[in-house]
Amino acid sequence: MPIYVVDKPLGLTSHDVVGRARRILKTKQVGHTGTLDPLATGVLVLCVGGSTKLVQFMERDSKDYLAFISLGAATPTLDAEGPVTETAFVPELNTHAVEAVLQRFTGPQQQIPPQYSALQVGGVRAYAVARAGGQLDLPARSVTLHELKLLGIYGSLSAAPRTFCPAPDGRWNASPAGITVHLPPPLGDFPTLLVWARVGSGTYLRSLARDVGAALGVPAHLSGLIRTRAGRFELSQAAPLEQLGEATGLPDLSAIDLPILEATPEMALHLRQGKRPTDARVGRFMVLLSGALVAVVDGDGQHLKVVRAWSEEAGEGGT
């Protein structure tokens, strides 16, 4: 079954997008591979039908973002939802100093998630406690920020660019002829950093905004966020949600970046039955039979163990 790459609109939750996709595509089997906050836009990958089995292999893919970090104002949500609860004067910003701060946040990090997040402690959602005026003790989590690049420093969010183009290396840069992005209304005229970020799964860009501001000695919030890549899928491939019904789905085999193992009919049958065929390969593989997806397996040098298998009909639908 196909995969669709959607440009998530401003103001909708990822769950809202899934609900609309179910109605447009006339199926209940729709899942997504990585939540975007309501005030974020950009790449949201939707798996449909049998492709929903791929979600577990795609959720941990790295992702790229354009992040707008406004300095001098803090909000409880760490983003532009507001309200502003703290302000401070922002000294003149030096490009080299900002780049040095960003460098400190590159690599493996311990990051404290936002209070307004869907994380659970003792079965309670953090955002539910935050909305009631409380706070949970959210432990720091291990995340990896692969690359952070400062694209510009602007006097306000309104002065920052709104059109961007991808570069050959996967980065996105401001360009008058590029794709127009949509940002939330600014909470004020606060100096704003524009940062291109490549991060591992579980990273909160809202927390990064808070922490970058703290490192610069001022409160800060994430005033805009656009996801330009999720795994193997780019914003340039994304269809507007309202055009999803006319969009062409992508083959599910394009979603997983794993080495391919070509199966014999006998091996394919055994894997679909949950058996563990003898095989000397080591690592994780995507198993195909005549171009159809059979299974994702782990090899230990002696046997292949099924992580997830597809029925013959579902496998044929994924080609």
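These are my notebook entries on a predicted model, covering its overall form, its domains and a group of paired strands.

**Overall form**

I began with the secondary structure and found seven helices and 21 strands in the protein. I then looked up the radius of gyration, which is 22 Å and close to the 20 Å that the globule rule gives for 319 residues, so the protein is as compact as a globular protein of that length. The C-alpha trace spans about 70 × 40 × 40 Å along its principal axes. As for burial, 46% of the 319 residues count as buried.

**Domains and annotation**

The domain assignment that I consulted gives domain 1 as 2–61 + 234–254, domain 2 as 63–230 and domain 3 as 260–309. For domain 2 and domain 3 I noted the separation of the C-alpha centres, which is 41 Å. I also checked the UniProt record, an unreviewed entry, where the annotation "domain: tRNA pseudouridylate synthase B C-terminal" covers residues 206–247. In the model, that span is 26% helix and 36% strand, and its end C-alpha atoms lie 31 Å apart.

**Strand β14 and its partners**

I turned next to strand β14, residues 192–199, and asked how many of its residues are buried. The count is seven of the eight, so β14 is largely enclosed by the rest of the structure. Strand β4 pairs with β14 in the antiparallel sense over eight bridges, and within this pairing I located lysine 63, whose bridge partner in β14 is valine 199. Strand β10, residues 141–154, also runs antiparallel to β14 and is joined to it by eight bridges. On that side I picked out leucine 150, which has valine 195 as its bridge partner in β14.

**Strand β11 and its partners**

Strand β11, residues 163–166, pairs with strand β12, residues 172–174, in the antiparallel sense over three bridges. One of the bridge partners I looked up here is asparagine 173 in β12, which faces cysteine 165 as its partner. The hairpin of β11 and β12 has five residues between the strands, and in it glycine 170 takes a positive phi near 95 degrees. I then followed β11 to strand β13, residues 179–180, and found an antiparallel pairing over two bridges, in which phenylalanine 164 has isoleucine 179 as its bridge partner.

**The aromatic pair**

Searching for aromatic pairs, I found one in the structure. Phenylalanine 68 and phenylalanine 164 form this pair, which is edge-to-face, with 6.4 Å from centre to centre and 80 degrees between the planes. Which parts of the sequence does the pair tie together? Phenylalanine 68 lies in strand β4, residues 63–71, and phenylalanine 164 in strand β11, so the pair ties together parts that are 96 residues apart in sequence. I checked the burial of both rings' residues as well, and phenylalanine 68 and phenylalanine 164 are each buried.

**Cysteines**

I finished with the cysteines and recorded zero disulfides in the structure. For two of the residues I asked whether they are buried or exposed. Cysteine 47 has a relative accessible area of 0% and is therefore buried, whereas cysteine 165, at 28% relative accessibility, counts as partly exposed, because the buried class ends at 20% and the exposed class begins over 50%.

Technical notes:
Residues are numbered from 1 along each chain as its sequence is written. This is a predicted model: local features need pLDDT of at least 70, side-chain atom pairs count only at pLDDT 80 or more; totals for chains, interfaces and linings use all residues. Side-chain values use heavy atoms; hydrogens and water are left out. Two strands pair if DSSP finds at least two bridges between them. Helices (H or I, at least four residues) and strands (E, at least two) are DSSP runs, numbered from the N terminus. UniProt positions are given in the numbering used here, feature names are shortened, and annotations may be inferred rather than shown by experiment. A disulfide is a pair of cysteine sulfur atoms within 2.5 Å. Buried means under 20% relative accessible area, exposed over 50%, partly exposed in between (1.4 Å probe, protein chains only). Domain bounds come from an automatic or database domain assignment. Rings of Phe, Tyr and Trp (its six-membered ring) pair if their centres lie within 6.5 Å; planes under 30 degrees apart count as stacked, over 60 as edge-to-face and the rest as tilted. The radius of gyration is taken over C-alpha atoms; the globule rule is 2.2 Å times the number of residues to the power 0.38.
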